[in-house]
Structures are given as C-alpha cells and as structure tokens.
Amino acid sequence: MTVISHQTHALSINPATGEQIGAYPYESAAVLDAALARAAAGYAVWRRTPLEGRVGQLRALAGALRDNLEAMARMITDEMGKPIAQARGEIEKCIHLCEWYADNGPAMLAAEAAPVPVGKARIEYRPLGPLLAVMPWNFPIWQVLRGAVPALLAGNTYVLKHAPNVMGSAYLLLDAFKRAAFPEGVFEVLNVTPDGVSKAIADPRIAAVTLTGSVRAGTAIGAQAGAALKKCVLELGGSDPFIVLNDADLDAAVKAAVIGRYQNTGQVCAAAKRLIVEEGVVQAFTEKFVAMTRELVMGDPRNAETYIGPMARFDLRDELDGQVQATLAEGATLLLGGGKAEGDGNYYQPTVLADVTERMTSFKEELFGPVASIITARDARHALALANDSEFGLTATIYTADVALAEQLVEELDTGGVFINGYCASDPRVTFGGVKKSGFGRELSHFGVREFCNAQTVWLERN
C-alpha cells in the first residue's frame with residue numbers, strides 16, 4: 001500500500017466521509033519557474049490584447065462555467081463539504097460576476113480627464129503584471145474569481161496558489177479557462193509548499209500579491225510582499241457584529257441572523273458571528289433564533305435539502321470545539337448543540353451560546369464554524385461599543401426601524417462594510433474588504449478593477 005504524506009502532496013479529504021479523494025504532488029522549483037515564465041510571457045500578450053478582446057474572454061469563461069456547473073459544484077461539495085445547493089449557487093454567482101464585469105468593467109478602465117490649468121492631462125489605468133494569489137478553501141471558485149476577473153480585465157495575469165485541500169477545484173477552474181481559450185500564461189495554477197510561495201513572492205516576475213486567509217497567513221504574506229516592495233491586498237478574518245435593536249422587525253432579523261451565521265456551515269469570514277441584541281428584545285430574539293436554528297437540516301452535503309454540511313477540515317473542528325468549551329467554562333450558557341456530531345464525518349452541531357460577554361473566548365476570537373454567540377446590549381450606544389470592541393473590522397449588520405439612528409451608528413462603526421436591515425452579501429457592484437486585522441485593500445466594484453493598476457498620469461504641453 002502506498003502511503004501518501006501531506007508533506008509531499010496536497011491531500012483532498014472528503015469531510016463527509018473522511019476518505020481521501022485526491023493527492024496532488026507538490027511541484028518542484030523548476031515547475032514553479034516554468035509557471036512564472038508562462039505568466040510573464042502571457043502578460044506581454046494579454047496586456048496588449050484590446051479591451052474588447054479581454055471582455056470577450058470573460059464572456060467565454062462565463063460560458064465554460066455554465067457548461068461545467070454541476071461537475072464544479074460536486075467537486076466543491078466533495079472537497080470541502082459545502083451543501084450542494086450552496087455549491088451550485090457559488091458557481092452561478094461566478095457566472096454573474098464574469099458577465100457583470102464584461103458589461104460594466106470597460107467603463108471603469110476609461111481614461112479620466114484632469115482639470116489642469118495648463119495643457120491637457122489625463123489619468124490612465126495600466127496593468128501591473130503577473131499577480132500571485134494565495135486563496136482559501138471556503139469558497140473555492142468564488143474567492144478566486146472575485147479577485148481574478150477584475151484583475152484580468154485590467155490586463156494583469158493571475159497565478160493561483162490554492163488551499164491544499166481544494167486542489168481538485170483549482171484544476172477544474174484551470175480547465176474552465178482552457179475551455180474558454182484564454183492565452184497561455186494568463187491563468188496559472190501552482191501547487192507548492194509555503195517555501196514555494198515565498199520564492200514566488202520574491203521573484204521579480206511577480207508584480208503584486210493578494211491573499212484571502214487567516215491573520216497569521218496575512219502577517220506572513222504581507223511581510224514578504226513588503227520586503228520585496230510589492231503591492232498586496234489582504235482579506236483576512238472577521239468576527240462580524242450583528243446588531244438588533246429594540247424596535248427591529250424580529251422575524252426578519254432572526255431569519256437574516258440564522259442565514260448569516262450558518263451559511264456554508266458557518267465557514268465565512270464575513271458571517272454574523274457576534275449577535276449583539278438590545279436587552280428589551282434579547283429574550284424574544286433568542287427564543288426565535290434557537291427555534292429556527294434547531295430546524296436546520298444537517299447531513300449529507302450531496303442532498304439538496306441539507307443546509308449544514310461537515311466542516312472542511314478535521315483540525316478546524318477540533319479548534320472550534322476548544323473555543324466553544326472555553327467559552328462555556330468562562331460562564332456562557334449553552335442553548336443548542338455544543339459539540340461534535342457522532343459518526344465518521346467532520347460534523348459539528350449547530351450551536352448557540354448565550355450570556356456571552358466581551359471577556360469570553362467566542363467574543364474575542366473568530367469562530368469559523370456553525371456557532372453563534374448572543375451578547376446583550378443595554379442600548380444602541382452600548383451595542384456600538386461592543387461591535388467595535390474587536391481586533392477585526394470586516395462587516396457589520398444593524399436591524400432597526402430607526403434608519404436615521406442606524407445611519408448615525410454607521411459613521412462610527414470600524415468596518416469595511418455595513419448592512420442596514422439586510423444580511424451581509426458580496427456583489428460585484430459594491431466593494432468588499434476590511435480594516436484593522438481584517439486586512440486592507442478592496443475587491444469587487446471599480447476598486448477591484450483598479451486595485452492592481454498603475455494609475456498613470458499623462459500630461460500634454462505643460463509649458
């Protein structure tokens with residue numbers, strides 16, 4: 001029997017069964033060099049491809065994704081446990097992304113006239129070059145394309161280093177680019193160790209770096225990019241507050257909170273992790289929230305009715321359980337769940353913790369899994385203080401009938417995005433990113449197109 005090591009191979013383990021479904025050997029320094037050479041050569045071609053040609057390629061990519069939607073969705077489900085309905089939705093969202101940027105992106109790259117007093121001046125948006133992208137497993141296709149599509153439209157090429165447990169998804173995405181007939185080198189996939197990532201960052205052929213992942217990974221990648229004097233974008237963790245005030249529509253707030261917390265089995269950086277509820281409605285909110293959470297179907301992610309699938313990795317389930325047990329030991333009240341589900345799969349019970357305070361683990365740390373923490377606020381100002389009492393600053397949600405009050409709170413929320421009477425979502429029409437330890441830089445909208453551009457000033461006849 002051949003023993004395959006995670007030190008020599010990227011291993012894909014089905015979290016619903018614990019079975020190995022793929023093993024991909026890490027690539028050598030020579031293979032890394034060849035990929036970077038292709039990306040550099042591809043950039044020389046791609047940046048000179050007329051904008052309408054790049055737009056046409058995005059439309060072709062949308063078609064390739066549509067043609068292979070079911071195979072890609074099933075790979076996502078098998079590799080990281082996303083329920084199949086949500087996996088299909090992820091690919092559909094990627095198709096929309098490609099088509100939206102094909103329709104709207106060219107205007108974002110148009111030259112801008114500058115009102116100078118002498119001569120004529122304009123600002124042009126030029127691509128930077130090959131980008132290195134280090135991407136996570138929780139949205140194996142969307143996380144990649146939401147950064148890649150606007151960057152490619154701008155004329156950059158894209159080198160993907162994906163998470164080891166979703167390399168099957170990475171290669172299916174590469175196949176989609178090939179089916180769409182992108183030029184060689186425009187989209188590359190690397191399967192390398194952290195040492196290979198470091199070599200790629202230092203390589204002069206890489207112009208900039210983007211990472212979506214943990215704070216620890218962002219600290220390491222950001223330091224290496226800084227040492228190489230390369231632009232980087234970091235989209236890191238979150239412990240997002242979901243504020244519910246006394247006058248909120250409780251039924252709407254509860255439904256949004258359940259979706260916002262348990263979608264993708266709670267493995268979302270911008271999930272509603274800290275439910276901060278004003279004391280006048282905290283009891284009613286809690287009862288409704290627990291009742292709705294209790295109805296969520298946990299099971300085989302290949303079944304269409306499943307909403308809670310297995311967590312993606314067994315070590316992450318152990319870490320989550322440790323955080324839950326620590327919070328309970330600190331005085332929180334367990335209302336639902338609270339442990340690993342029985343059986344071979346990597347399931348964790350949908351869990352609700354109440355009476356959580358700012359001193360407890362689940363308040364201070366990011367819990368990346370199906371666990372909700374309910375915190376009581378005295379009033380709106382106290383809710384704001386609790387929301388900002390975090391090292392993270394990705395998104396926040398406010399439910400209240402007083403929109404004017406919500407707008408006042410928004411001015412003081414230290415987050416990259418705020419949702420009033422609606423739960424968090426990412427959409428190509430609006431920007432996405434965070435502050436504090438949630439990272440810096442922006443994806444999507446026109447910010448995503450220009451993030452990896454050289455804003456070049458062209459000034460004529462300045463005499």
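Student: Which residue in strand 13 does L334 stand opposite?
Tutor: This is a predicted model. In it, strand 12 (residues 333-336) and strand 13 run antiparallel, joined by 3 bridges. Opposite L334, in strand 13, stands L353.

Student: Strand 13 also pairs with strand 14 (residues 371-377). In which sense, parallel or antiparallel?
Tutor: Strand 13 and strand 14 are linked over 3 bridges. V352 has its bridge partner, A372, in strand 14. The sense of this pairing is parallel.

Student: Are the faces of strand 13 (residues 351-354) covered or uncovered?
Tutor: Take one side: T351 and L353 are buried there. On the other side, V352 and A354 are buried too. Both faces are covered.

Student: Now the open sheet of 3 strands. What is the strand order?
Tutor: The pairing in this sheet is antiparallel. Its edge strands are strand 3 (112-114) and strand 20 (453-460), each pairing on one side only. The order is 3-4-20.

Student: By how much are neighbouring strands of this sheet turned against each other on average?
Tutor: The average covers neighbouring strands of the sheet and ignores direction. The value is 30°.
One pair here is strand 3 with strand 4 (residues 120-127), antiparallel over 3 bridges. To come back to the turn, it is 30° on average.

Student: Which residue in strand 4 does E112 stand opposite?
Tutor: Strand 3 and strand 4 pair over 3 bridges. Across from E112, in strand 4, is I123.

Student: How are helix 3 and helix 6 oriented to each other, roughly parallel or roughly antiparallel?
Tutor: Helix 3 (residues 69-80) and helix 6 (residues 167-179) pack with their axes 9 Å apart. Their angle is about 165°. Angles over 145 degrees count as roughly antiparallel. The two helices are therefore roughly antiparallel.

Student: How many nonpolar residues does the contact of helix 3 with helix 6 have?
Tutor: The crossing is left-handed. Helix 3 brings A71, M72, M75, I76 and E79, and helix 6 brings M167, G168, S169, L172 and L173. By class, 2 are polar and 1 is charged, and the nonpolar count is 7.

Student: Is D203 buried or exposed?
Tutor: D203 lies in the loop between helix 7 (194-202) and strand 8 (208-212). Its relative accessible area is 15%. The cut-off for buried is under 20%. So D203 is buried.

Student: Which residues is D203 in contact with, leaving aside its neighbours within four places in sequence?
Tutor: D203 sits in a loop, after helix 7 and before strand 8. With those sequence neighbours left aside, its contacts are L36 and K230.

Definitions and conventions
Residues numbered from 1 in each chain as written. Predicted model: local features only at pLDDT ≥ 70, side-chain atom pairs only at ≥ 80, totals over all residues. Heavy atoms only, no water. Axes fitted to C-alpha atoms, helices over the stretch in contact; angles between N-to-C directions. Helix = DSSP H or I, 4+ residues; strand = E, 2+ residues; numbered from the N terminus. Parallel < 35°, antiparallel > 145°, perpendicular 65-115°, else oblique. Left-handed = near helix turned anticlockwise from the far one by under 90°. Contact = heavy atoms within 4.5 Å. Nonpolar A, V, L, I, M, F, W, Y, C, P; charged D, E, K, R; others polar. Buried < 20%, exposed > 50% of the residue type's maximum accessible area, 1.4 Å probe, protein only. Pairing = 2+ DSSP bridges.
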